[in-house]
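Here are my notes on the model, set out as numbered points so that each can be checked against the coordinates in turn.

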Amino acid sequence: MHSETAPAPAHRYAVYFAPAPGTLGWLAGSHWLGRCAAQLQPLPQLDIVGVAQEDLHRLTAAPRRYGWHATLKAPFMLAPGVDWLTLHQATQAVARHLQPFTLPPLQVERLDDFLALVPMAAPATQAALHEAAAACVTQLQPLAAPLSPVELARRRAGGLTPRQEALLLRWGYPFVLEEFRFHLSLTGPLDTVAASTQALVQDAAEQFFADLPPLSFNSLALFAEPTPGADFVLLDHLEMGA
């Protein structure tokens, strides 16, 4: 996918890892969440025995809005005077200086209060993931507007360590650099459903993603939030490597 014309100005942009639309990696995750951020349409979700469809829909509401992805540069508004073309070119430059690689097998884990797919331990791959995320965060931050007081308060709501607070103020997001952990979110907060439902959903996720083929990390994906609170849209994939 490549944008031939510039999209209309968006409220916020983000740089993510996302499998290419049409691939099994993209379709599996998008069906799990119930929405395709490329085709901009709802998708049927898994039927899980013992789990009401409305419970699964509610559990996946938060990640569904953002689309199937792993965060590299969290959503941000463009600084005054910065336009889409500047962001696109800057992200392309970041991508060109990163080398593509294959992710290790992914496994379902509970991270704090949500479920996510995370790569199995592989030091070389972890280093490559941290390099890619750090490049996106540090090299694109000059294009980002400072966070508003409302956004700062929202980021702080869950409680931050002093280091995370410093990262938030410097880079616009608290979970970057050494605090970064690569993951593809499968649910929002689990406490919106009963513990028995949580267990059934986790078991279903483990089975559903068990046969996922290895994913290639070979591009940076640009997403946009067209208007405040709107669902995020996949705009472009920018290939890594020269």
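1. I begin with Thr-91, which is found in helix α4, residues 84-96, in what is a predicted model. Thr-91 has a relative accessibility of 0% and therefore counts as buried, the cut-off for that word being under 20% relative accessible area. Once residues up to four places away in sequence are set aside, Thr-91 touches Val-15, Leu-140, Leu-220, Leu-222 and Leu-238.

2. The helix that carries Thr-91 also packs against a second helix, and the pair can be described in the usual terms, since two packed helices are described by the angle between their axes and the distance between the axes. For α4 and α5 the angle is about 145 degrees and the axes are 10 Å apart, and α4 passes α5 in a right-handed crossing. On the α4 side the contact is made by Ala-90, Thr-91 and Val-94, and on the α5 side by Ala-135, Cys-136, Gln-139 and Leu-140. Sorted by character, the residues of this contact comprise five nonpolar and two polar, with no charged residue.

3. Which residues does Gln-141 contact, leaving aside its neighbours within four places in sequence? They are Lys-73, Cys-136, Arg-170, Trp-171 and Gly-172. Gln-141 lies in the loop between α5 (123-140) and α6, and at 15% relative accessibility it counts as buried. For a reader who wishes to locate Gln-141 relative to Ala-10, the two residues are 131 residues apart along the chain, and their C-alpha atoms are separated by 17 Å.

4. The next helix pair is α6 (residues 149-156) with α7 (residues 162-171), whose axes come within 11 Å and cross at roughly 150 degrees. Angles over 145 degrees count as roughly antiparallel, and α6 and α7 are therefore described in that way; their crossing is right-handed. Leu-152, Arg-155 and Arg-156 of α6 make the contact with Glu-165, Leu-168 and Leu-169 of α7. The residues of this contact divide into three nonpolar and three charged, with no polar residue.

5. Strand β1, residues 12-17, deserves a separate look, because six of its six residues are buried and the strand is thus largely enclosed by the rest of the structure. Arg-12, Ala-14 and Tyr-16 point one way from β1, while Tyr-13, Val-15 and Phe-17 point the other way, and all of them are buried. Val-15 is also one of the residues that Thr-91 touches, which links this strand to the helix of the opening point.

6. How is β1 paired with strand β10, parallel or antiparallel? The two strands run antiparallel, and five bridges join β1 to β10, which covers residues 219-225; within this pairing, the bridge partner of Tyr-13 in β10 is Ala-224. β1 also pairs in the antiparallel sense with strand β4, residues 70-76, over four bridges, and there the partner of Tyr-16 is Thr-71.

7. Strands β6 (residues 106-111) and β7 (residues 114-119) pair in the antiparallel sense over six bridges, with Glu-109 standing opposite Ala-116 in β7. Together β6 and β7 form a hairpin with two residues between them, and Asp-112 in the turn has a positive phi of about 55 degrees. Asp-112 is exposed, its relative accessible area being 73%.

8. The sign of that phi angle merits a comment, since most residues other than glycine have a negative phi. A further case to inspect is Leu-40, which is not a glycine yet has a positive phi of about 60 degrees. Leu-40 is found in the loop between β2 (35-36) and β3 (41-42), and at 51% relative accessibility it counts as exposed, the cut-off being over 50%.

9. Finally, helix α1, residues 24-33, is largely enclosed by the rest of the structure, because seven of its 10 residues are buried. The buried residues of α1 are Gly-25, Trp-26, Ala-28, Gly-29, Ser-30, Trp-32 and Leu-33. Just after α1, Gly-34 takes a positive phi of about 95 degrees.

Definitions and conventions:
Residues are numbered from 1 along each chain as its sequence is written. This is a predicted model: local features need pLDDT of at least 70, side-chain atom pairs count only at pLDDT 80 or more; totals for chains, interfaces and linings use all residues. Side-chain values use heavy atoms; hydrogens and water are left out. Buried means under 20% relative accessible area, exposed over 50%, partly exposed in between (1.4 Å probe, protein chains only). Two strands pair if DSSP finds at least two bridges between them. Axes are lines fitted to C-alpha atoms, for helices over the stretch in contact, and angles run from 0 to 180 degrees between N-to-C directions. Angles under 35 degrees count as roughly parallel, over 145 as roughly antiparallel, 65 to 115 as roughly perpendicular and the rest as oblique. A crossing is left-handed if the near helix is turned anticlockwise from the far one by less than a right angle, and right-handed if clockwise. Contact means heavy atoms within 4.5 Å. Ala, Val, Leu, Ile, Met, Phe, Trp, Tyr, Cys and Pro count as nonpolar, Asp, Glu, Lys and Arg as charged, and the others, Gly among them, as polar.
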